[in-house]
Amino acid sequence: MTMKRPGEQELALLTWLAEHPAITVGEVAEGYGSPRALARSTVLTMMERLRKKGHLSRKRVQGVFRYSTGAGPEDLLKDAVGTFVSRTLGGSVSPFVAYLGDEAEVTPEQLAELEDLVARLQTRARRSS
């Protein structure tokens with residue numbers, strides 16, 4: 001079964017939920033909803049929508065539903081970036097690279113990650129040619 005992709009707000013909630021496994025709607029409303037001025041009913045609606053799309057599961061524990069994601073936050077963000085590159089950038093990472101070069105501030109740690117990524121891409125390109 002192919003899961004429907006989450007919207008932007010749903011993805012933000014899903015990423016937060018991935019960091020807070022087996023959590024109740026009330027706990028999500030307090031920890032995620034309150035700082036963002038989201039009512040408990042809005043949080044519940046978003047969570048049920050995510051569950052129906054297959055991104056969340058719930059299990060009744062002592063009379064209360066506890067919700068969990070099937071993926072970790074890194075997997076969710078990686079999927080979101082893949083979707084953005086595919087749908088918005090037409091599969092090209094060039095605009096993303098241009099943004100990094102012109103606009104983004106990169107820490108030394110992030111720069112090291114980028115250098116590692118470039119090295120892995122170069123190795124992959126050499127193997128495929």
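**Exercise 1. The hairpin**

Which residue in S2 does Arg60 stand opposite? Work this out in the predicted model, and then describe the pairing and the turn that belong to these strands.

*Solution.* Begin with the two strands, S1 with residues 56–61 and S2 with residues 64–69, which pair in the antiparallel sense over six bridges. Within this pairing, the residue that stands opposite Arg60 is Phe65 in S2. Next, follow the chain from S1 to S2, which form a hairpin with two residues between them. Gln62 sits in this turn, and its phi is near 55 degrees, a positive value in a residue other than glycine. Finally, consider the surface of Gln62: its relative accessible area is 81%, and because exposed means over 50%, Gln62 is exposed.

**Exercise 2. A second positive phi**

Find where Ala22 is placed, and decide whether Ala22 is buried, partly exposed or exposed.

*Solution.* Ala22 is found in the loop between H1 and H2. Although Ala22 is not a glycine, its phi is positive, at about 50 degrees. The relative accessible area of Ala22 is 39%, and since this value falls between the limits of 20% and 50%, Ala22 counts as partly exposed.

**Exercise 3. The nonpolar core**

Name the residues of the largest nonpolar core that touch the most other members, state which element gives the most to this core, and then trace the contacts of Met47.

*Solution.* The largest nonpolar core holds 17 residues, of which Leu13, Trp16, Leu17, Val28, Met47 and Leu56 touch the most other members. Two or more residues of this core come from each of H1, helix H2 (25–33) and helix H3 (40–52), and the element that gives the most is H1, with six residues. Turning to Met47, and leaving aside residues up to four places away in sequence, its contacts are Leu13, Leu17, Val25, Val28, Leu56 and Tyr67.

**Exercise 4. Two buried residues in helices**

For Thr15 and for Glu48, give the helix in which each one lies, explain why each counts as buried, and list the contacts, not counting residues up to four places away in sequence.

*Solution.* Take Thr15 to begin with, which lies in helix H1 (residues 8–18). Its relative accessible area is 14%, and because buried means under 20%, Thr15 is buried. Beyond residues up to four places away in sequence, Thr15 touches Pro73, Leu76 and Leu77.

Then take Glu48, which lies in helix H3. Its relative accessibility is 15%, which is under 20%, so Glu48 also counts as buried. With the same exclusion of residues up to four places away in sequence, Glu48 touches Arg58 and Tyr67.

**Exercise 5. The largest pocket**

Give the volume of the largest pocket, say which residues are the closest to its centre, and describe what makes up its lining.

*Solution.* The volume of the largest pocket is about 1,000 Å³. Its lining consists of 20 residues, and among these the closest to the centre are Val81, Phe96, Leu100, Leu114 and Leu117. The elements that give two or more residues to the lining are helix H4 (73–87), helix H5 (94–102) and helix H6 (108–128), with H6 giving the most, namely eight residues. Sorted by kind, the lining residues of this pocket divide into 12 that are nonpolar, two that are polar and six that are charged.

Methods
Residues numbered from 1 in each chain as written. Predicted model: local features only at pLDDT ≥ 70, side-chain atom pairs only at ≥ 80, totals over all residues. Heavy atoms only, no water. 1 Å grid on protein atoms, 1.4 Å probe; cavity = no way out; pocket = protein on both sides within 12 Å on 5 of 7 lines; lining within 4 Å. Points joined across faces, edges and corners; volume = space filled by probe spheres on them. Helix = DSSP H or I, 4+ residues; strand = E, 2+ residues; numbered from the N terminus. Nonpolar A, V, L, I, M, F, W, Y, C, P; charged D, E, K, R; others polar. Buried < 20%, exposed > 50% of the residue type's maximum accessible area, 1.4 Å probe, protein only. Contact = heavy atoms within 4.5 Å. Pairing = 2+ DSSP bridges. Core = buried A, V, L, I, M, F, W, Y, C linked by side-chain atoms within 4.5 Å.
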